[in-house]
Amino acid sequence: MAPPNILLVVVDQLRFDCVGFAERYPVRTPHIDRFASEGTWFSSAYTPIPTCCPARQSFLTGKRAESLGTLWNYDLGPKIPAIDPSHWSWTQAFADAGYAMSYVGKWHVSPRHDPRSFGFATYVSESDYESFRQGRYPDLEYRNGYFGEDDPLPLEDTRTHWLAGRSMDEIRRHAKSKQPWLVRLDLSEPHLPCQPAKPFSDLFGPGDVPQWTSFRETFADKPYIQRQQLVTWRIEDYEWADWAPIVARYYNTIAQVDDAFGRLLSVLEESGAGEDTVVIFTSDHGDMCGGHRMIDKHYVLYDDVVHVPLIVRMPGRRNGNRCDDFVYNMLDLPPTLLEAAGLEVPDGLHGRSLMPVLRGGTDAAPRQSVIATYNGQQFGLYSQRMLRQRDWKYIWNATDVDELYDLRHDPDELVNLAGRQAQASRLAEMRRTLYEELIACDDSLVANQWLKDQLLNSRKIGPITTARSNSP
């Protein structure tokens, strides 16, 4: 059997609950929803790290950022090495196997090496788009910073649709050849600032977006850094009326992304390659966007930023499937794609293939938990490790109080139970499980005896429970 083509779409900062198919919030994503109904919808997919560069570096190499030493974005905060072509990458393995490789859009993997150093023959960058826009609209200015505004450009000239157009060109070009191909489109949207264009900028207004269910956050018994983030961003006094227009632009930008994705799928079908192509849609991580009254994604491991959409459609299978098992998008996709293409999966990767599920079966040994990490960035270094089980979540904050959430009774993660004596045994058990998982994936943070003591010997002070706690 001929190896399949691969169409891979990665967007930036799309929350799991902001895809219509998730049936949580009234976002309009008809093309993604239809695609989800035809493919496998992974309802419990998590990013290994909710930061742009390390998430993408993990995806390229199939390994956790901590094992690579790529702990945060290389272009913000303390300097840190980025990966280079000496690192193994699954994309180079595809190129070596004869795939025609095209990359379009956001890179953010290395400041010195672009996708052509990792197996891609063709690269259309965001800088190429900026040159196009500057040449056509030299007087265009955006004035509202990270909080966003409507984009005055015609839809075809926006970044989402211009880059999607270049991806369509690549699909059409490859369809004329008998060579198997891989086209990857990375969109920066809906990463803030959200700047939707007409007609999508008119879809939702401030009165059309419901308040996030986590918005009644008080930060009682929570790490200090979360309250500090509100002050840092100057949003400590924001009410929902302040957030509603920002969230509306987030919804509208997601709808614009959905339209670009739908156009991409149409061209794939028109090319005649639809039944021969593995199609993947996912996001590097989520976005607070007012959830817990916070912005962006830093210094937290709430599900708002670690729970991500992941949809995979296999060639010849359009009957739809749902998998509720815990999976990692950035770590499980590399071995999955290699196996789908009939290529060797090397030892030492931190994910595992999703092919048993994608073939219509089940995982014989599904994960009972997932781990996500954070290491700080432009606002200071700050080590976090999360253990997420079905009904409980534990977050180890190495330099502040820990967090423990009963997700069955508190799905919005408002009430921190880490300081409750009734949860002492559960906390100890989850700390030990987390330690064992971190050791297994080469996380050097726990190699330090003092930090190891925090997890294994309960040398850790819990939050001081206050009278002003959140309600479950």
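This report covers salt bridges, cysteines, a charged surface patch and unusual backbone geometry in a predicted model.

## Salt bridges

The whole structure holds 35 salt bridges. One of them pairs arginine 313 with glutamate 38, at 2.8 Å from N to O. This pair links distant parts of the chain. Arginine 313 sits in strand S8 (residues 310-313), glutamate 38 in helix H1 (residues 30-38), and 275 residues separate them. Both arginine 313 and glutamate 38 are buried.

Arginine 133 and glutamate 130 make another salt bridge, with an N to O distance of 2.7 Å. Here both partners belong to helix H5 (residues 126-136). They are 3 residues apart, about one turn of the helix. Arginine 133 has a relative accessible area of 18%, so it counts as buried, under the 20% limit. Glutamate 130 is partly exposed, at 31% relative accessibility.

## A bridge between loops, and a network

Aspartate 363 and arginine 352 also form a salt bridge, and their closest N and O atoms are 3.0 Å apart. Both residues lie in loops. Aspartate 363 is in the loop between helix H11 (355-358) and strand S10 (369-377), while arginine 352 is in the loop between helix H10 (329-340) and H11. The pair therefore ties together parts that are 11 residues apart in sequence. Aspartate 363 is partly exposed, with a relative accessible area of 25%. Arginine 352 is partly exposed as well, at 32%.

Some salt bridges share partners. In this way Glu38, Glu269, Glu275, Arg313 and Arg318 are joined into one network. Glu38 and Arg313 are thus a directly bridged pair and members of that network.

## Cysteines

How many disulfides does the whole structure contain? The search finds 0. Cysteine 52 takes part in no disulfide. Its nearest cysteine sulfur belongs to cysteine 53, 6.6 Å away. A disulfide needs the two sulfur atoms within 2.5 Å, so this pair does not qualify.

Cysteine 52 is buried, at 2% relative accessibility. Cysteine 323 is buried too, with a relative accessible area of 7%.

## Negative surface patch

Glu236, Asp237, Glu239 and Asp242 gather on the surface in a patch of negative charge. Aspartate 237 lies in the loop between helix H7 (224-232) and helix H8 (240-270). Its relative accessible area is 62%. Aspartate 237 counts as exposed because that value is over 50%.

## Backbone geometry

Two peptide bonds before proline are cis. The bond from glutamate 189 to proline 190 has omega near 0°. The bond from lysine 198 to proline 199 has omega near 5°. Proline 190 lies in the loop between strand S5 (181-186) and H7. Proline 199 is placed in the loop between S5 and H7.

Positive phi values appear at histidine 292 and arginine 293, neither of which is a glycine. Phi is near 55° for histidine 292 and about 65° for arginine 293. Histidine 292 is found in the loop between strand S6 (277-283) and helix H9 (303-306). Arginine 293 lies in the loop between S6 and H9. Histidine 292 is buried, at 0% relative accessibility.

Notes
Residues are numbered from 1 along each chain as its sequence is written. This is a predicted model: local features need pLDDT of at least 70, side-chain atom pairs count only at pLDDT 80 or more; totals for chains, interfaces and linings use all residues. Side-chain values use heavy atoms; hydrogens and water are left out. Patches are made of residues with over 30% relative accessible area and no salt bridge: like charges are joined within 9 Å, nonpolar side chains (Val, Leu, Ile, Met, Phe, Trp, Tyr) within 5 Å. Accessible areas come from the Shrake-Rupley method with a 1.4 Å probe; for residues, only the protein chains shown count as cover. A salt bridge is a side-chain nitrogen of Lys or Arg within 4 Å of a carboxyl oxygen of Asp or Glu. Lys and Arg count as positive and Asp and Glu as negative; His and the chain ends are not counted. The place of a charge is taken as NZ of Lys, CZ of Arg, CG of Asp or CD of Glu. Helices (H or I, at least four residues) and strands (E, at least two) are DSSP runs, numbered from the N terminus. Buried means under 20% relative accessible area, exposed over 50%, partly exposed in between (1.4 Å probe, protein chains only).
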